[in-house]
Amino acid sequence: MSAGIVIIGSGFAARTLVKNIRKLDSAIPLTLIAADGMEEYNKPDLSHVISQAQRAEDLIRQSAGEFAEQYHLRLFPYTFVSAIDTQARVVKNADKQWQYDKLVLATGAKAFVPPLPGREKMLTLNSLQEYHASETTLRDASRVLIVGAGLIGCELAMDFRRAGKTVTVLDNAASILPSLMPPEVSGRLQHCLTAQGVRLLLQSRLVQLDEHEQGVRARLDDDRYIDADVVVAATGLSPQVSLAQNAGLEVGRGIVVDGTLQTSHPHIFALGDCAQINGQVLPFLQPIQLSAMTLAKNLTGNSTQLVLPAMLVKVKTPLMPLHLAGETHRTDLRWHIATGADGMVAKGLDTEGKLRAFVVSEDRMKEAFALLKALAV
């Protein structure tokens with residue numbers, strides 16, 4: 001009997017892969033192993049749970065049992081895989097092991113927490129489990145300090161502020177969304193946040209967190225202090241690579257894969273937030289969906305190369321939503337920015353005048369698809 005495909009992980013990448021495999025092969029044995037309860041939920045909803053007064057259970061779309069029955073697979077929830085034996089093609093935990101023909105690592109990424117004194121006092125919101133553990137604390141807090149002014153930090157800041165909380169956002173950078181776009185492009189969102197009442201402390205560095213009365217006191221590098229009821233780390237994600245690394249697979253920032261999503265070992269594959277594709281980690285929905293479609297074909301005998309077109313990234317800040325695409329982080333682009341009451345269109349041109357990136361906001365977002373087609377490849 002075939003050992004079939006074993007998938008480690010239960011997030012969006014793993015579930016999308018299962019659904020695509022079952023479209024192509026209804027019989028191949030599938031086994032999912034994950035450290036969580038394997039409930040299906042939409043992870044981007046975590047950016048809006050506070051203002052919408054949602055509890056963790058409100059986000060669950062499908063139970064683990066329902067998923068297993070619908071897609072005919074074996075599930076092992078709350079199970080921590082400790083090792084991979086690549087020679088014997090076996091994955092192990094403390095008291096059990098699973099044989100595989102092909103193994104998929106969809107281990108995701110964990111929230112990065114800055115290594116500083118008191119770091120254990122920071123909360124993270126990168127999973128349903130994390131939200132479930134802290135939802136009462138977050139709901140009851142009136143003063144929130146968010147460390148990080150990137151994508152997640154800005155989304156959470158707007159959400160907490162819409163819920164009526166006092167919000168401070170702290171970042172080393174001189175502007176918000178620093179890894180995605182230059183200050184002149186992100187300035188409109190920055191103005192929107194401050195107009196809403198979000199306090200931005202940019203070019204500031206957190207050095208320590210301490211207990212203080214009924215909350216937390218944050219000390220900055222210039223000896224200023226901020227008192228908060230809760231501190232949330234929104235300082236990026238770290239791909240979960242230790243299992244792959246210990247198995248001898250090639251690891252960079254993520255688990256290195258080729259165009260078929262195969263790792264440096266011929267029977268092991270990776271996708272999602274843990275995978276490094278063409279030198280990049282791409283923790284966005286569209287590349288994960290395309291990766292899952294490609295990998296499903298390769299796992300079921302149809303050799304296919306992953307092709308990633310220019311893709312839109314959505315910034316879910318309801319009072320000023322943004323779409324962006326292309327190489328928005330490039331420092332050599334000349335930006336042409338048009339703003340009006342209906343929104344913003346920012347175009348990043350290279351030295352030859354070719355469109356390399358764009359950002360659109362509000363009612364101008366309907367122009368995104370035409371701009372996407374015009375992007376230079």
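Let's start with a list of residues. Gly-272, Ala-275, Ile-277, Leu-282, Pro-287, Ile-288 and Ser-291 line the largest cavity. Keep in mind that this is a predicted model.

What is the volume of that largest cavity? About 40 Å³. How many cavities of 30 Å³ or more does the count give? Just 1. As background, empty space shows up when a probe the size of a water molecule is rolled over the atoms.

Now, who builds the wall? Two elements, strand S22 and helix H7, each bring at least two residues to the lining. S22 covers residues 275-277, and H7 covers 285-299. Which gives the most? Helix H7 does, with 3 residues. Next, the chemistry of that lining. It splits into 5 nonpolar residues and 2 polar ones. Charged residues are absent from it.

Let's follow S22 out of the cavity wall. S22 belongs to an open sheet of 3 strands. The order is S20-S22-S23, and the pairing is mixed. Look at the edges. Strand S20, residues 255-257, and strand S23, residues 280-281, each have a single partner strand, so one side of each has no neighbour in the sheet.

Stay with S22 and S23 for a moment. Their pairing is antiparallel, over 2 bridges. Which residue in S23 is the bridge partner of Gln-276? Val-281.

Next stop, further along the chain: strand S27. Its residues are 343-349. Is S27 largely enclosed or left open? Of its 7 residues, 6 are buried, so the rest of the structure largely encloses S27. Buried here means under 20% relative accessible area.

S27 has strand partners too. Take strand S26, residues 334-340. S26 and S27 run antiparallel, joined by 7 bridges. One bridge puts Gly-340 together with Gly-343 in S27. The link between these strands is a hairpin, passing through 2 residues.

Then there is strand S28, residues 355-361. S27 pairs with S28 as well, again in the antiparallel sense, over 5 bridges. Find Val-345 on your screen. Opposite Val-345, in S28, stands Val-360.

S27 and S28 also form a hairpin, with 5 residues between the strands. What is the phi of Gly-353, in that turn? It is positive, about 80°.

Quick recap. We saw a cavity of about 40 Å³, with S22 and H7 in its lining. We saw S22 in an open sheet of 3 strands. And we saw S27 paired with S26 and with S28. That's my tour.

Note on methods: Residues are numbered from 1 along each chain as its sequence is written. This is a predicted model: local features need pLDDT of at least 70, side-chain atom pairs count only at pLDDT 80 or more; totals for chains, interfaces and linings use all residues. Side-chain values use heavy atoms; hydrogens and water are left out. On a 1 Å grid over the protein atoms alone, a cavity is a set of points where a 1.4 Å probe fits but cannot get out, and a pocket is an open set with protein on both sides within 12 Å along at least five of seven lines; lining residues have an atom within 4 Å of a point. Grid points are joined across faces, edges and corners, and a volume is the space filled by probe spheres set on the points. Helices (H or I, at least four residues) and strands (E, at least two) are DSSP runs, numbered from the N terminus. Ala, Val, Leu, Ile, Met, Phe, Trp, Tyr, Cys and Pro count as nonpolar, Asp, Glu, Lys and Arg as charged, and the others, Gly among them, as polar. Two strands pair if DSSP finds at least two bridges between them. Buried means under 20% relative accessible area, exposed over 50%, partly exposed in between (1.4 Å probe, protein chains only).
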